[in-house]
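Work through the exercises below with the sequence and the 3D structure at hand. Try each task before reading its solution.

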Amino acid sequence: MSYVGEPFRHDLFVSYSHGSDAEGDPKLKDWSVALVRALEEELRADRDLRNTLSLFIDAHDRPGQRLDPLLPLTDQLEAQVGAAALLLVLLTPDYQASRWCADERRWWWAQQQKLGLNPVGRIAMLRAWPVEAADWPDQRWPAELADHAGEPLLGFPFHAGSGRAARPLGWTQWSTGFGPEVREALLGLAAELYRALDQAKADAGRLQARQADVQRLAAGDGQT
């Protein structure tokens, strides 16, 4: 069940990199998961989303909103990202370098087009690190995260500091609870996501109505 409704099982799919080092230690995962859970808290403060919001992140432990260790990973990720109305990108240098993240982005975009829905305006890009086009593997900003002229989406600034000392907001707070600065930023993000979710819900409703019309006309007594 999702707030947006059919054909989507999830309202949001979170695409991010764990940022693992050579020994497999995920440098970004803990902060990312804590931030997403804090965002989910803010979104569920709204009465309409309190019991209907479905948010997918690979670290969730809720049935239907987590990865099944008994099933193929690639197939699961492609299916889950395709079942989401909105894509939330946590943009970091590790995200830019990740093949998995690039695949998730392409899978999501392709599925929206397959459904006959316009993907534009339904990717929320949270800039957790200052990054440049030159940081991408092919040194070009990906089309899914850019406008029609190739300019990067503005996204949501979510980092402090500069250069090699730049870090995501709340980088040192994730284990003890985020402070007011992060909470205010999350509230601003939630406000934009409410608007995007309402628009996606309306678009999905129109899609369902069109499909019902097609089915009715295709029936034996559907046309005169």
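The exercises go from the overall fold to single residues, and the model they use is a predicted one.

**Exercise 1. Overall fold**

Task: Find how many helices and strands there are in the protein, and in which pattern they follow along the sequence.

Solution:
- Step 1. The count gives 5 helices and 7 strands.
- Step 2. Reading along the sequence gives the order β-α-β-α-β-α-α-β-β-β-β-α.
- Step 3. Of the contacts between residues at least 6 apart in sequence, 67% join residues at least 24 apart.

**Exercise 2. Size and surface**

Task: Compare the radius of gyration of the protein with that of a compact globule of 224 residues.

Solution:
- Step 1. For 224 residues, a compact globule would have a radius near 17 Å.
- Step 2. The protein has 19 Å, which agrees with that value.
- Step 3. Along the principal axes, the C-alpha atoms fill a box of roughly 70 × 40 × 40 Å.
- Step 4. Buried residues are 43% of the 224.
- Step 5. The exposed area is about 12,200 Å², and 51% of it comes from carbon and sulfur atoms.
- Step 6. There are 24 positive and 32 negative side chains, with the centres of the two sets 2 Å apart.

**Exercise 3. The nonpolar cores**

Task: Find which residues of the largest nonpolar core touch the most other members, and which element supplies the largest share of this core.

Solution:
- Step 1. In soluble globular proteins, nonpolar side chains tend to be buried together.
- Step 2. The largest nonpolar core has 40 residues, and V4, V14, L35, L39, F158 and L193 touch the most other members.
- Step 3. At least two residues of this core come from each of β1 (10-15), α1 (29-44), β3 (84-91), β4 (123-127) and α5 (180-218).
- Step 4. The largest share, 10 residues, is supplied by α5.
- Step 5. Another core lies apart from this one; it has 23 residues, including F56, L77, C101 and W141.
- Step 6. Beyond its neighbours within four places in sequence, V14 is in contact with V36, L55, F56, I57, L88 and L90.

**Exercise 4. Two buried alanines**

Task: Decide whether A124 and A166 are buried or exposed, and find what they contact.

Solution:
- Step 1. A124 lies in strand β4.
- Step 2. A124 counts as buried because its relative accessibility is 7%, and buried means under 20%.
- Step 3. Leaving out neighbours within four places in sequence, A124 is in contact with L87, L88, V89, F156 and L193.
- Step 4. L153 is 29 residues from A124 in sequence, and their C-alpha atoms are 9.0 Å apart.
- Step 5. A166 sits in the loop between β6 (159-160) and β7 (167-168).
- Step 6. A166 is also buried, at 0% relative accessibility.
- Step 7. Not counting residues up to four places away in sequence, A166 touches W129, P130, A160 and G161.
- Step 8. The C-alpha atoms of A166 and P130 are 7.3 Å apart, with their positions 36 residues apart in sequence.

**Exercise 5. Backbone exceptions**

Task: Find where the cis peptide bond is, and which residue has a positive phi although it is not a glycine.

Solution:
- Step 1. Most residues other than glycine have a negative phi, and most peptide bonds are trans.
- Step 2. The bond joining E6 and P7 is cis, with omega about 10 degrees.
- Step 3. P7 lies in the segment before β1.
- Step 4. Q139 has a positive phi of about 60 degrees.
- Step 5. Q139 is in the loop between β4 and β5 (156-157).
- Step 6. Q139 is exposed because its relative accessible area is 56%, and exposed means over 50%.

How values were computed:
Residues numbered from 1 in each chain as written. Predicted model: local features only at pLDDT ≥ 70, side-chain atom pairs only at ≥ 80, totals over all residues. Heavy atoms only, no water. Helix = DSSP H or I, 4+ residues; strand = E, 2+ residues; numbered from the N terminus. Rg over C-alpha atoms; globule rule 2.2 N^0.38 Å. Buried < 20%, exposed > 50% of the residue type's maximum accessible area, 1.4 Å probe, protein only. Contact = heavy atoms within 4.5 Å. Areas by Shrake-Rupley, 256 points an atom, 1.4 Å probe, with all protein chains shown as cover. Lys, Arg positive; Asp, Glu negative; His and termini not counted. Charge placed at Lys NZ, Arg CZ, Asp CG, Glu CD. Core = buried A, V, L, I, M, F, W, Y, C linked by side-chain atoms within 4.5 Å.
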